[in-house]
Amino acid sequence: MRPYPGTIRGLFASPNYIRASGRPATPDDLTAHKCVGSEAWRLSRGQKNATPNILFGVVTSDPTVALKLALTGFGIAIMPLWMAKRTDVRNNLIPVLPQWSVEPITLCALFYGPTRLTPKVQVLLDFLDEYIGTDQDPRLEHSPAKGYFTDRMLAPTSGP
C-alpha cells in the first residue's frame, strides 16, 4: 500500500437553495434539509464531533454528481474543496457549516506482487507521487495545493 494526500471536503449549497430553505446552524439541522451524499457525514469542530442522522434526497458517492445537484439548487452536498472552489463554480456555491470540518477522504494505492514491483506499477506509483496532492495536481487548475489536501501519512478514514 502506498498512501497519498487525502482530500479535504466541505458542505456546500447554491445561494438559491439557502434562500429557499435557510442555512443550517448546527449539524443536527442538516436532518431537516435535502442532502446529497452517502454514508454517515462525520463532522468535527475542535473536540466536538457530530454525525447527524441524514436521510439523503439523492444517494451518491460521486462528487461530480453531488456538485451538479448542488449547483442546480437541489440541496446540500459534501464535496472536495478543490472541486467546490474551482473558478467555474465557486461563485455559485455557499459553504454550509464552515466552522465544522468534514472527515477527509484518503487515497491509497493497493498493489500485490512479488517483493519487487513490476516496472509498469513502479512508473504509475511514481507518477501519482509527483502529482496527487501537489501544486502540479491537474484537478487544481494551476492553483496551489495548500489547504486542499491532508498529510499523506494520515491514517485512512473510517468506514461506515
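Begin by selecting strand 1, residues 2-13, which gives the most to the lining of the second largest pocket, with five residues. Keep in mind throughout that this is a predicted model. Strand 7 (94-96) and strand 8 (101-109) are worth adding to the selection, since these two and strand 1 each supply at least two residues of that lining. The second largest pocket itself has a volume of about 180 Å³, and of the 14 residues that line it, Arg 9, Gly 10, Leu 81, Pro 98 and Trp 100 are the closest to its centre. If you colour the lining by chemical character, you will find 10 nonpolar residues, two polar and two charged.

Stay with Arg 9 and move across to strand 6, residues 76-80, where the bridge partner of Arg 9 is Pro 80. Strand 1 and strand 6 run antiparallel and are joined by four bridges. Strand 6 is mostly covered, with five of its five residues buried.

Next, select strand 2, residues 35-37, which pairs with strand 6 in the parallel sense over two bridges. Within this pairing, Cys 35 stands opposite Ile 76 of strand 6. Cys 35 counts as buried because its relative accessibility is 0%, whereas Cys 108, with a relative accessible area of 28%, is partly exposed. How many disulfides are there when cysteine sulfur atoms have to lie within 2.5 Å of each other? By this rule the count comes to zero.

From strand 2, follow the chain into the loop between strand 2 and strand 3 (43-45), and select Glu 39, which has its place there. Glu 39 is a residue other than glycine, yet its phi is positive, near 60°.

Now turn to helix 4, residues 119-131, and place a distance label between its end C-alpha atoms, which are 19 Å apart. At 1.5 Å a residue, the 13 residues of helix 4 should span 18 Å, so the distance in the model agrees with what is expected. Just after helix 4, select Gly 133, which takes a positive phi of about 75°.

The last stop is His 142, which lies in the segment after helix 4. Although His 142 is not a glycine, its phi is positive, at about 70°. Is His 142 buried or exposed? His 142 counts as exposed because its relative accessibility is 81%, and the cut-off for that class is over 50%.

Note on methods. Residues numbered from 1 in each chain as written. Predicted model: local features only at pLDDT ≥ 70, side-chain atom pairs only at ≥ 80, totals over all residues. Heavy atoms only, no water. 1 Å grid on protein atoms, 1.4 Å probe; cavity = no way out; pocket = protein on both sides within 12 Å on 5 of 7 lines; lining within 4 Å. Points joined across faces, edges and corners; volume = space filled by probe spheres on them. Nonpolar A, V, L, I, M, F, W, Y, C, P; charged D, E, K, R; others polar. Disulfide = S-S within 2.5 Å. Buried < 20%, exposed > 50% of the residue type's maximum accessible area, 1.4 Å probe, protein only. Expected span 1.5 Å × (residues − 1). Pairing = 2+ DSSP bridges.
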